[in-house]
2 protein chains.
Amino acid sequence: MAVSRTEQKEKTRRAIIDSAISQLSVEKSFASLSLREVARQAGIAATSFYRHFKDMEELGLTLVDECGLALRQIMRKARKRFEKGGSVIRTSVKTFMEFTETNPNIFRLLFHERSGTTHALRTAVDREIQFFIVELTDYVQAVGYDHESAFAQAEAMVAVVFNAGAESLAAKPSQRRQVEKRAIQQLRYIAAGAKSLHLSGKKSRGKK
Amino acid sequence: MAVSRTEQKEKTRRAIIDSAISQLSVEKSFASLSLREVARQAGIAATSFYRHFKDMEELGLTLVDECGLALRQIMRKARKRFEKGGSVIRTSVKTFMEFTETNPNIFRLLFHERSGTTHALRTAVDREIQFFIVELTDYVQAVGYDHESAFAQAEAMVAVVFNAGAESLAAKPSQRRQVEKRAIQQLRYIAAGAKSLHLSGKKSRGKK
DNA sequence: TTATTCAGCGTACACTTGTACGCTAATTGA
DNA sequence: TCAATTAGCGTACAAGTGTACGCTGAATAA
């Protein structure tokens, strides 16, 4: 029955992470968490925290990594969904919104800490979002756009979707469908606009 | 030469506000400001702060109001600019980016506190942004769109522009022109997309 | 078996925080 | 002129913070 030391260590590490995530909320950002409170809720002494993380920042980085992983999984899920038919945009937005509503704390962490106060965390969040954008860029590029405009499309779409996610969390559940619907509409604008500008030829500006 | 009491009061009130704004930075959000530090830098005793604001939140609301005002002035400026000829989108984006670079702290306040931890502040920021969106909606609507799609366009555009603003502040100055250029491109996508979808008729969905 | 490692603990310290309270001095209004 | 008002101050306090330090007991390695 004896649990190995490494096993036990991993367990309390998780307890710390879970404690932190569970303490995140609308009125409590990661930046406002305290090491002591996180430790307390994880069921360990404050000083034991240091056996697992150098400081709160390191914990934050771990959380962001975890969020990034979750996001990537969600995207894979979306891909599987629309491969079975259905609108790409609609499916993606719906999947994303599902994610934000299932993991509000995780989404908020990404959204808020993107403009947060510690450099390391901001960089980490940015990396995750960039990953998200690049993935989408590849998809768009495969449809026949050059890299530059594909990236612009992808970035705009991500901005819109993240915005909708935040809006959705702030909105009353009864209005979420509408936010979602609008986001879909907005992404369609972007897609259609890129298509129309792409096809109508490069006016005067010198794109290669 | 004696300054009236109300005059003096207004002066230190401003000192407090300025102190707060000047303390905002990439690594210091409004939420992480302390009443004591703000007071100290304003040159008054900590407890004197209360002669002007009930608490930090009230100061925050004041700051947001001020930011909103600044934003509105900027928009008016933009309007004047493109009334003298020039692309609406290009001019607006350029003006906005100018604003973020001239008042980085103020912009960051809006951007970050939008997902901040105090309800009152979030609401206030949201109001300012909504104002921004509505103003743009009116403009778009005047060009011939129905309210719903005009709003969707405006919201998407604001999301993209705010995103670009934040990106620009994080980027090295040498790359800002590129961020700006991309934002312009993205707004054109949205405008063109709305136009194309608007003209090609409502497929099947039942919009009135 | 014996020696080593190390997760977890409790204490202690030096800060910083918000704010209650009462005082002072100068402007204001009568 | 005299009384009222009030911006600003300093002190004091309770509550919270991060973290240095040394100990303990159990799992591991020899």
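In what follows, a contact means heavy atoms within 4.5 Å. I shall use that term for chain A in a moment; please note that the model before us is predicted.

Let me begin with the fold of chain A. This chain contains 8 helices and 0 strands, and its order along the sequence is accordingly written α-α-α-α-α-α-α-α. Among the chain A contacts with a separation of 6 or more, 62% join residues 24 or more positions apart. Of the 208 residues in chain A, 47% are buried. The C-alpha trace spans about 65 × 40 × 35 Å along its principal axes. The exposed area of chain A is about 11100 Å², with 53% of it supplied by carbon and sulfur atoms.

I turn now to DNA strand D. There are 21 residues around this strand, and those that come nearest are A:Arg36, B:Ala45, B:Ser48, B:Arg51 and B:His52. By class, the surface near the strand comprises 8 charged, 9 polar and 4 nonpolar residues.

Which part of the strand does the protein meet? Of the strand D atoms within 4 Å of the protein, 51% belong to sugar or phosphate, and the rest belong to bases.

Three polar approaches to phosphate oxygens of strand D deserve mention. For B:Ala45, a backbone N or O atom lies 2.4 Å from a phosphate oxygen. For B:His52, a side-chain N or O atom is 2.5 Å from one, and for B:Thr12 the corresponding side-chain distance is 3.2 Å. As for secondary structure, the elements giving two or more residues to the surface near strand D are helix H2 (35-42) of chain A and helix H1 (5-23) of chain B.

Methods. Residues are numbered from 1 along each chain as its sequence is written. Chains are lettered from A and ligands numbered from 1 in the order in which they are written. This is a predicted model: local features need pLDDT of at least 70, side-chain atom pairs count only at pLDDT 80 or more; totals for chains, interfaces and linings use all residues. Side-chain values use heavy atoms; hydrogens and water are left out. A residue is near a molecule or strand if one of its heavy atoms lies within 4 Å of it. A polar contact is a pair of N or O atoms within 3.5 Å; within protein, one must be able to donate a hydrogen and the other to accept it, and residues adjacent in sequence count only if both atoms are side-chain atoms. Helices (H or I, at least four residues) and strands (E, at least two) are DSSP runs, numbered from the N terminus. Ala, Val, Leu, Ile, Met, Phe, Trp, Tyr, Cys and Pro count as nonpolar, Asp, Glu, Lys and Arg as charged, and the others, Gly among them, as polar. Buried means under 20% relative accessible area, exposed over 50%, partly exposed in between (1.4 Å probe, protein chains only). Accessible areas come from the Shrake-Rupley method with a 1.4 Å probe; for residues, only the protein chains shown count as cover.
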